[in-house]
Amino acid sequence: MRCEAFIVGLLIMTGCASNRPATSSRTVVDYNSYNEDLSSMRPVYGVISTNVPATNRPTAPVNKPATTPRPSDTRKPTAQVEALHINRRLDLVLDTIATQNRSIRYAPGYRIQVYVGSQRQEVDAAKLLIYQNFPELSPYLSYNQPTYKLKVGDFMRRMDAERYYASIRRLIASAQLQPDKVDIRRSLLIK
């Protein structure tokens, strides 16, 4: 029984073996020998004129490879090519953007609403309390009959507003953090 199993196993193993030779018949490709002439695809430029005095020009002739225009090239090979002044154009665009940014005065941000109510004396007391403890925050008092609203601060980031909000909340329990339009210049003054 063991002998028969051994023979069957041996037949199976030899039957699955491939019929190709053990030596590799791969061809070796040398990728370093690749060479293609792309000179016909290169752009052809005309002569660039410069106003250099004749005394500063090199005396020895400069050997440049002769370039012939491609047959499909419709440009004149002797046309003057103007230098592109990218820096001047970029400066002009950046100046325009800076001018537009200076005209923007308000941006979305956060303010802390300190008081909402109908009592003028209470809103004045809250305004004085905030001013004494946080002189860097600008107060904004609005009145829409019969309600006074007092908001403070010009915060561009919520993280800055929350830091002040925690301190103000200890003084005035009814304070709330609210999204609002803020003055950009004043927001830069808050530290």
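The following paragraphs describe a predicted protein model, from its overall composition to its sheet, its helices and its salt bridges.

Because the model is predicted, local features are reported only at pLDDT of at least 70 and side-chain atom pairs only at pLDDT 80 or more, whereas totals for chains, interfaces and linings use all residues. Residues are numbered from 1 along each chain as its sequence is written, and side-chain values use heavy atoms, with hydrogens and water left out.

The protein contains five helices and four strands; these elements are DSSP runs, with helices being H or I over at least four residues and strands being E over at least two, numbered from the N terminus. Along the sequence, the elements follow the pattern α-α-β-α-β-β-α-β-α. Among contacts with a separation of 6 or more, 76% are between residues 24 or more positions apart, where contact means heavy atoms within 4.5 Å. The exposed area of the protein is about 16600 Å², of which carbon and sulfur atoms supply 56%; accessible areas come from the Shrake-Rupley method with a 1.4 Å probe, and for residues only the protein chains shown count as cover. Of the 191 residues, 19% count as buried (buried is under 20% relative accessible area, exposed is over 50%, and partly exposed lies in between, with a 1.4 Å probe and protein chains only).

The four strands form an open sheet in the order β2-β3-β1-β4, with antiparallel pairing. Strands β2 (139-144) and β4 (176-183) are at the edges with a single partner strand each, so one side of each has no neighbour in the sheet. From one strand to the next, the twist averages 40°; axes are lines fitted to C-alpha atoms, for helices over the stretch in contact, and angles run from 0 to 180 degrees between N-to-C directions. In general, strands of a sheet pair through backbone hydrogen bonds, either parallel or antiparallel. Here, two strands are taken to pair if DSSP finds at least two bridges between them.

The pairings can be followed across the sheet. Strands β2 and β3 are antiparallel over six bridges and form a hairpin with two residues between them. Within this pairing, Tyr143 stands opposite Tyr148 in β3, and Ser142 has Lys149 in β3 as its bridge partner. The loop between β2 and β3 contains Pro146, which is joined to Gln145 by a cis peptide bond with omega of about 5°. By contrast, most peptide bonds are trans. Strands β1 and β3 also pair in the antiparallel sense over six bridges, with Gln113 opposite Lys151 in β3. Strand β1 (residues 106-117) is joined to β4 by eight bridges, again antiparallel, and Tyr106 stands opposite Asp183 in β4. Strand β3 is mostly covered, with seven of its nine residues buried.

Two helices lie across the sheet strands. Helix α3 (residues 120-133) crosses β1, β2 and β3 (147-155), running at about 15° to β3. Helix α4 (residues 158-171) lies across β1, β3 and β4, running at about 15° to β1.

The structure holds eight salt bridges, each defined as a side-chain nitrogen of Lys or Arg within 4 Å of a carboxyl oxygen of Asp or Glu. In one of them, the side chains of Arg111 and Asp154 meet at 2.8 Å, N to O. Arg111 belongs to β1 and Asp154 to β3, so this pair ties together parts 43 residues apart in sequence. Both Arg111 and Asp154 are buried. In another, Asp180 and Lys151 meet at 3.3 Å, N to O; Asp180 is in β4 and Lys151 in β3, so the pair ties together parts 29 residues apart in sequence. Lys151 is buried at 18% relative accessible area, whereas Asp180 is partly exposed at 24%. Arg111, Lys151, Asp154 and Asp180 are linked in a network of salt bridges.

A further salt bridge joins Asp160 and Arg163 at 3.8 Å, N to O. Both residues lie in helix α4, three residues apart, about one turn of the helix. Asp160 is buried, with a relative accessible area of 17%, while Arg163 is partly exposed at 47%.

On the surface, Ile86, Leu90, Val93, Leu94 and Ile97 make a nonpolar patch of about 430 Å². Patches are made of residues with over 30% relative accessible area and no salt bridge, with like charges joined within 9 Å and nonpolar side chains (Val, Leu, Ile, Met, Phe, Trp, Tyr) within 5 Å. Leu90 is located in helix α2 (residues 86-103) and is partly exposed, with a relative accessible area of 45%.
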